[in-house]
Amino acid sequence: MRRVAAFATAFGATRSVYEVLRRRAPGDPAQWQRKNYAGRTVDLYAGPAAAVGAAAGAALAASGPAAVAVVAAGACGAYDDLKGDHRRGFRAHLSALGQGEVTSGAVKLFGIGAAGLAAGALLKERPVDKLLAGIVIAGTAHLVNLVDVAPGRAAVAVLGIGAPGLLRRGTAGALAAAPMGAAAAIVTEDLGERTMLGDSGAHALGAALGAAIVAGNGRAGLAVHAAGLIAAAVYGDEVSRLAGSPM
């Protein structure tokens, strides 16, 4: 029942926020619009909506640390969506930081990293497990953003990766249902190229998914996931740099 409730809460909250933003988004309407890969104009409303929905679902799953990590990841992503300079790859952002310039990518890197470590410290008991949990939460947030390169890609990835987690009992299953509910709420509009998750939605959904992985795994599982996510981040950063794609 907790899984159903978490899914329904995330779905309903996401739809509600999305519809509110469509009717009356704050600020200049132009800042909420982007050109997608095909040159079509889409809005960014799905991102904040999914972040709110996933956080609400995580909170209902009785995981305050996960909900806070989702909100932090969504906020850092939203900052990059609205204010980002879109430099390519981690190295470009770290190089700029070394010269005293704080880029939007650096805000994401350290903000989401800190949120993941803080959540991991509260979700696990032993120091090594806390560190691994933080890497998994932040790394999964980055992974979902990394695959968000075409309409619906990130939302479908969240649904696919999260589905096995529904088989787990307790908090892990409910946490897996939260990002799935949020993704399901906007996947049709995303695939229809009417909206996009952007960094805000992709990072938030990824952090929620990472928290579910943390809740459902011991040290060995966390270590395997952390290693895979680090490898994916390194590979993705290199591909992004060579292809000229924004971080």
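User: What supplies 63% of the area that the chain exposes?

Analyst: Carbon and sulfur atoms do, out of about 11,000 Å². Accessible areas come from the Shrake-Rupley method with a 1.4 Å probe, and for residues only the protein chains shown count as cover. This is a predicted model: local features need pLDDT of at least 70, side-chain atom pairs count only at pLDDT 80 or more, and totals for chains, interfaces and linings use all residues. Residues are numbered from 1 along each chain as its sequence is written, and side-chain values use heavy atoms, with hydrogens and water left out.

User: Why is Asp 129 called buried?

Analyst: Buried means under 20% relative accessible area, exposed means over 50%, and partly exposed lies in between (1.4 Å probe, protein chains only). Asp 129 has 13%, so Asp 129 is buried.

User: Why does Ala 8 count as partly exposed?

Analyst: Its relative accessibility is 45%, so Ala 8 falls in the class between buried and exposed. Ala 8 lies in helix α1, residues 2-23. Helices (H or I, at least four residues) and strands (E, at least two) are DSSP runs, numbered from the N terminus.

User: What makes the link between the side chains of Asp 129 and Arg 219 a polar contact?

Analyst: A polar contact is a pair of N or O atoms within 3.5 Å; within protein, one must be able to donate a hydrogen and the other to accept it, and residues adjacent in sequence count only if both atoms are side-chain atoms. The two side chains make such a contact at 2.7 Å. That value is within the 3.5 Å cut-off.

User: How do you know that the buried residues of α7 are on the same side?

Analyst: In helix α7 (residues 153-162), the buried residues are Ala 154, Ala 155, Val 158 and Gly 162. They cover an arc of only 100° around the axis, so they share one side of α7. The arc is that of the directions from the helix axis to the C-beta atoms. These buried residues pack against α6, α8 (170-191) and α9 (198-215).

User: Which residues touch the most other members of the largest nonpolar core?

Analyst: Val 70, Val 136, Leu 197 and Leu 205 do, in a core of 37 residues. A nonpolar core is a set of buried Ala, Val, Leu, Ile, Met, Phe, Trp, Tyr and Cys residues joined through side-chain atoms within 4.5 Å. A second, separate core has 11 residues, including Ala 61 and Ala 212.

Technical notes: Contact = heavy atoms within 4.5 Å.
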